[in-house]
Amino acid sequence: MLNSRALAAHRDTTLPGATMETKIAEVTVLHNAVIVTMDSENRVFRNGGIVVVKDRIQGIDQSAKILENFGAIADHIIDLHGQIILPGFINTHVHTSQQLGRGIADDVDLVTWLHDRIWPYESNMTEADSYLSTLLCGIELIHSGVTCFAEAGGQHVSGMARAVELLGMRACLAESIMDCGQGLPESWAKRTADDCIKSQKDLYKEYNNSADGRIRIWLGIRQIMNSTDDLLLATRDAAKDLCTGIHMHVAEIPYENQLVKDTREVDHGTVTYLEKIGFLQKNLLAAHTVWVNDAEISFLSKAGVKVSHCPAAAMRMLGFAPVKEMITAGICVSLGTDGAPSNNRMSIVDEMYLASLINKGREVFANGTTDPTALPAEMVLKMATIDGAKSVMWDNEIGSLEMGKKADLIIIDPSSWSMVPIHDCISSLVYCMRSENITCVMCNGQWIMKGRKILTMDEADIISQAKHASSALLNRAGIKIRPRMNVL
Ligand SMILES: O=c1[nH]c(=O)c2nc[nH]c2[nH]1
């Protein structure tokens, strides 16, 4: 831990060689809080303190020690009596550019969902729509304590990047990439594998490590049903060259596996095929992976593939993912919300609750008996934090509260009816907490929400602009939502 003398020297602008940057580094001390670190020793401080200098955690310990060492030189000392500090949540599968399409595809099957609703929506988006959609999505993510997300593949990454920079969040952004298959709008169907790789390399050049290092550019593969082998293999190789990740929907529905079996000559589905062509690797983040058998779980585990489990979206259109089996096989499984048209709610708090309950319930038909011990609260909290960080390959910097890591953290006020009384902090965070209990969010050392008010933008203005942009976009796309009842 840095001591106060070292920090004071760090801030003393009269020192030879001092820069403007050292002059403005503020020291913030948060103390008197329950701190759930999510570090490798699972440390929880009953009365802990954290020191944040610029963008990093420079001390974490018992409150008394932190105050003794840093109290005298802190610019801000915040007493968090009765409150809880957690690492910011990491949402490992979200489509930010789909936020303006919330509610356009409820209660339909995945193929209809994609062909008749989502692709017309996405192919009619402008860059300005993507920017606004990402801002709107970001507002909801921040309110549920998310500081970092992995974009699953969307339109106009430049718009997303502008929004992320403004929101103050951290993100791995990926373009939606497809080069073949049924139902594609004409402009997309014309793209070759080379076009797809080139456009993503350009994005990488322009945006990777931008926004003070908060943005990373990943490669996208939308799904196997819309990818040639040329595209899959070129993406695998480009990811190796760029040292970046690949985000792909994998084994979502039985139809997908059947199509792979019928057209690509393997005896099971997508994962078997990806294994066969050497596509599985540790920088692949596979979303959903619902329809996988034991052999495929073993392929994923051996290759070090990470899985993003999206409980709500899976319940709506896909089915029950074998999460317990994947974790038992050693696969790193994290949590995602998916996009607004496939979930409607962008809350990792809700996903934690659902992940635990759904996977307990799944045991009844998967293994013939109940298992209330499946996916216990501490495991689910890991999925939303440190395992999320591992999934996006950023765990050296985020996912836990530790000395030297980035200051991405959230403050929870557990004094409301939803969380009182607390006998076990970890289970309360998973089973009782609502997004409304999250009061403050810090990302990269900056407060982006305080007192449930987003500080980086005007929420009301974004909400109002989003309503107009969404209607205009649906008009352009020719998407009509039929009333379900006798609307007079
Ligand atoms: O839930 C989903 N959302 C999507 O955007 C998508 N694209 C392919 N498969 C998908 N599944």
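On a 1 Å grid over the protein atoms alone, a cavity is a set of points where a 1.4 Å probe fits but cannot get out, whereas a pocket is an open set with protein on both sides within 12 Å along at least five of seven lines, and in either case the lining residues are those with an atom within 4 Å of a point. Grid points are joined across faces, edges and corners, and a volume is the space filled by probe spheres set on the points. The structure examined here is a predicted model, in which local features need pLDDT of at least 70 and side-chain atom pairs count only at pLDDT 80 or more, while totals for chains, interfaces and linings use all residues. Residues are numbered from 1 along each chain as its sequence is written, and side-chain values use heavy atoms, with hydrogens and water left out.

A search of the whole structure gives two cavities of 30 Å³ or more. The largest cavity holds about 120 Å³ of space, and among its 15 lining residues Leu110, Trp113, His249, Glu252 and Asp338 lie nearest its centre. At least two lining residues each are supplied by α4, β10 and α14 (311–318), where helices (H or I, at least four residues) and strands (E, at least two) are DSSP runs numbered from the N terminus. By class, this lining has six nonpolar, six polar and three charged residues; Ala, Val, Leu, Ile, Met, Phe, Trp, Tyr, Cys and Pro count as nonpolar, Asp, Glu, Lys and Arg as charged, and the others, Gly among them, as polar.

The ligand sits in the largest cavity, in the sense that more than half of its atoms lie within 2 Å of the grid points. The shell around the ligand, made up of residues with a heavy atom within 4 Å of it, consists of His95, Gln98, Leu110, Trp113, Leu114, Arg222, Gln223, His249, Glu252, His288, Asp338 and Ser342. Both α4 (110–123) and β10 (219–223) supply at least two residues of this shell, and the largest share, three residues, comes from α4. Three residues of the shell are nonpolar, six are polar and three are charged.

Polar contacts, defined as pairs of N or O atoms within 3.5 Å (within protein, one must be able to donate a hydrogen and the other to accept it, and residues adjacent in sequence count only if both atoms are side-chain atoms), connect the ligand to several side chains, including those of Glu252, Asp338 and His95. An N or O atom in the side chain of Glu252 is 2.7 Å from a nitrogen atom of the ligand, whereas oxygen atoms of the ligand lie 2.8 Å from a polar side-chain atom of Asp338 and 3.2 Å from one of His95. Of the 270 Å² of accessible area that the ligand has on its own, the protein covers 100%, with areas taken from the Shrake-Rupley method with a 1.4 Å probe; for residues, only the protein chains shown count as cover.

The second largest cavity has a volume of about 40 Å³ and is lined by Pro87, Gly88, Ile90, Glu397, Ile398, Gly399, Ser400, Lys406 and Asp408, which divide into three nonpolar, three polar and three charged residues.

The largest pocket has a volume of about 500 Å³, and of its 23 lining residues the closest to its centre are Lys54, Asn444, Gly445, Gln446 and Trp447. The strand β17 (446–450) is among the elements that supply at least two lining residues, and β17 gives the most, with four. Lys54 is found in the loop between β2 (44–53) and β3 (56–62), and its phi is near 55°, a positive value in a residue other than glycine.
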